[in-house]
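Please open the structure in your viewer and keep the sequence panel at hand. We will go from one selection to the next and say what is there at each stop.

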Amino acid sequence: LPLLLKATLLHLASGSYRPFYNGFYYNHIMNDDDDGQDKVDYFNGAKLVVETPQDPIYSYNGANVTLPCHYRYEPDLGPKRKIRIKWSKLRDDYTKEQDVMVAIGKTYMAFGDFKGRAHIHQASQHEASLVISDVRLKDDGKYRCEVIDGLEDESDVVELRLQGIVFPYQPPRGQYRLNFHEAERVCQDQGAILANFNQLFQAWSEGLDWCNAGWLADGTVQYPIRLPRKPCGGVHLAPGIRSYGPRHRHLHRFDAFCFSSALKGEVFYLDRLAGMTLEEAKQSCQDAGAEIARVGQLYSAWKFLGLDRCNAGWLADGSVRYPIVTPRANCGPAEPGVRSFGFPSKGRFGVFCYRER
């Protein structure tokens, strides 16, 4: 403010006429030539514009992805200027944004889980694209690309969506036993994360119909209905996502909707003539250089790798399930899906194992 006031007084004192520009001031202290001389702010009338794709960018677990971001000046200021780039991730619950990385010139710093995985891609002039390597499930979401040139600050948002699958989850002790934090943990235990609304909506559009309410990542409780019926909101309501809205994260209890993406490894089936107990199943996977598969891994193998097995097998949570891509006699309902026998306390079955490639 003192610099602006001083510049205004000098302008008035000069008595010379200059046209008014509806533009922006630039603080060139950040853009100096390291000669120790701070440059005076000036009024150049250029507008900073930041642009990202309007359509989502799709990727999958373990991949590398580039989130495009470009900026320009109107009118063009000529040679590239030394600006500051900041990337942040918007949270599903609209709390404070998560810092991803900042960069000035060739110097940059990534934060938190993005350390060692994020950097700026500047293949062309005025590019500020973000590269994320080894994409993780929780990378899914909206990202803000912010370009800062002195006193001017402009940004735009791009969305990263992971290709994956949403599955409802109940713990062994039954329906509606999880508060929000327990729901987060059970999804993580199954090689997944709590789904967000976009992921649940996509699953609904692909056919998911589930009458039990479950937690989502933003702390709301919802459920997808394709075929309206009396126990699921009534027969007169249109198909869609039913919502209970935000619930108390400690006191209220529901099921969970988990989200899993493509696998880095493979899921395979083992069996013995007499079947196996759960402990024997775990040991069999270890003997094969693998581990007993989690629920999220079985769902991912079913959707992305076409795993089709009409034999029930143990999973890490103590449940017994099997995946069907091509429905047929004696393999459950007429629709594809992952069938469940629940959490049997007794019985001998095969086992689904998971091994990293």
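The tour below starts with confidence, then visits strands, two loops and two pockets.

**Stop 1: colour by confidence**

Before selecting anything, bear in mind that this is a predicted model. Colour the protein chain by pLDDT: its mean is 87, and 85% of the residues reach 70 or more. Now select residues 1-34, where the pLDDT is below 50. Beyond near neighbours in sequence, this stretch still has 51 contacts in the model. Residues 36-43 also have a pLDDT below 50, and that stretch has 21 contacts beyond near neighbours in sequence. Where pLDDT is low, the predicted coordinates should not be read in detail. You may like to hide both stretches for the rest of the tour.

**Stop 2: three strands in a row**

Select residues 84-89, which form strand β7, together with residues 98-104, which form β8. These strands pair in the antiparallel sense, over six bridges. To find one of the bridges, show R84 and look across to β8, where its partner is I104.

Next, add residues 107-110, strand β9. What is the sense of the pairing between β8 and β9? It is antiparallel, with four bridges. Show V102 and you will find M109 of β9 opposite. Then zoom in on the turn of this hairpin, which has two residues between the strands. There, G105 takes a positive phi near 65°.

**Stop 3: two loops with backbone details**

Move to the loop between β6 (70-74) and β7, and select P75. The peptide bond that joins E74 to P75 is cis, with omega near 0°.

For the second loop, go to the one between β14 and α2 and select Y176. This residue is not a glycine, yet it has a positive phi of about 55°.

**Stop 4: the largest pocket**

Switch on a surface and look for the largest pocket, with a volume of about 1,000 Å³. Its lining has 36 residues; to centre your view, select V166, F167, P168, L208 and Y299, the closest to the pocket centre.

Which element gives the largest share of this lining? That is β14, with six residues. Colour β14 (164-169) along with β13 (152-162), α3 (197-205), α5 (295-304) and β24 (337-340), as each of these supplies at least two lining residues. If you colour the lining by residue class, you should find 17 nonpolar, 11 polar and eight charged residues.

**Stop 5: the second largest pocket**

The last stop is the second largest pocket, with a volume of about 750 Å³. Of its 24 lining residues, K89, K138, E184, I193 and A217 are the closest to the centre, so select these to find your way. Two elements give two or more residues to this lining: α2 (180-189) and β15 (193-194). The largest share, three residues, comes from α2. Colour by class again and this lining shows seven nonpolar, five polar and 12 charged residues.

Finally, colour domain 1 (47-162) and domain 2 (164-260) separately. Why does this pocket lie between them? Both domains give residues to the lining of the second largest pocket, so it lies between the two.

Key. Residues are numbered from 1 along each chain as its sequence is written. This is a predicted model: local features need pLDDT of at least 70, side-chain atom pairs count only at pLDDT 80 or more; totals for chains, interfaces and linings use all residues. Side-chain values use heavy atoms; hydrogens and water are left out. Two strands pair if DSSP finds at least two bridges between them. On a 1 Å grid over the protein atoms alone, a cavity is a set of points where a 1.4 Å probe fits but cannot get out, and a pocket is an open set with protein on both sides within 12 Å along at least five of seven lines; lining residues have an atom within 4 Å of a point. Grid points are joined across faces, edges and corners, and a volume is the space filled by probe spheres set on the points. Ala, Val, Leu, Ile, Met, Phe, Trp, Tyr, Cys and Pro count as nonpolar, Asp, Glu, Lys and Arg as charged, and the others, Gly among them, as polar. Domain bounds come from an automatic or database domain assignment. pLDDT is the predictor's confidence in each residue, from 0 to 100. Contact means heavy atoms within 4.5 Å.
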